[in-house]
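User: I am new to this structure and would like a close look at a single part of it, with the terms explained along the way.

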Amino acid sequence: MQCLKKHVSFLRYLVESVAKLIIKDRGIDQFVIKYAMDVNNAIDDLQDSEGEALQQIKVMSTANSSIISAIEYIDSNLDKRLTLDQVSSKVYLSDYYFSKLFKRETGLSFSVYLNARKIQKAMILLKESDKSINDISDSLGFTRLSYFSQTFKKYTGYAPTKYRTEGSK
């Protein structure tokens, strides 16, 4: 029962945090809600081997407050080039301990989670905006378009251009 209460409390906090971000940003988040695309359906359409990390994000949960804080920080800073050192310092943990704890709690390494969240946001932007792929890459903190394209294909099985025109119709 105690565990259930923690999960309910976490979900409430998560919903409230998302609502605050939507109200605060009024950028792409408002656009995404206005023209909603269910990214979970798009993820479900990916082949299992290609979308494994994206699939795992859908069902991920943790009660660890440090990891919850780290995830919130990551999710609100997807436009930046985040490092393990930066995020671990935000939650007052050593790089090594944070890395091990993150993997234990989420089942994903820090870098896989970070890239999966960026690719998840890119999926929405590619389908719901007319921004260029280069602009999307830049807006998600990728330094090179080639790395963005390579990472996108690794996680989704599609090149960004092909995903925009054909993926998850």
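User: Does Tyr 92 count as buried or exposed, and at what relative accessibility?

Analyst: This is a predicted model, in which local features need pLDDT of at least 70 and side-chain atom pairs count only at pLDDT 80 or more, while totals for chains, interfaces and linings use all residues. Residues are numbered from 1 along each chain as its sequence is written, and side-chain values use heavy atoms, with hydrogens and water left out. Tyr 92 counts as exposed, because its relative accessibility is 74%, where exposed means over 50% relative accessible area, buried under 20% and partly exposed in between, with a 1.4 Å probe and protein chains only. Tyr 92 sits in the loop between α6 (84-90) and α7 (95-106), helices being DSSP runs of H or I with at least four residues, numbered from the N terminus. The phi of Tyr 92 is near 60°, a positive value in a residue other than glycine; most residues other than glycine have a negative phi.

The helix that follows this loop, α7, is among those that each supply at least two residues to the largest nonpolar core, which has 30 residues. Such a core is a set of buried Ala, Val, Leu, Ile, Met, Phe, Trp, Tyr and Cys residues joined through side-chain atoms within 4.5 Å. Phe 98 and Phe 102 are among the residues with the most contacts inside this core, a contact meaning heavy atoms within 4.5 Å. Leaving aside neighbours within four places in sequence, Phe 102 is in contact with residues including Ile 67, Ile 71, Ile 74 and Tyr 113.
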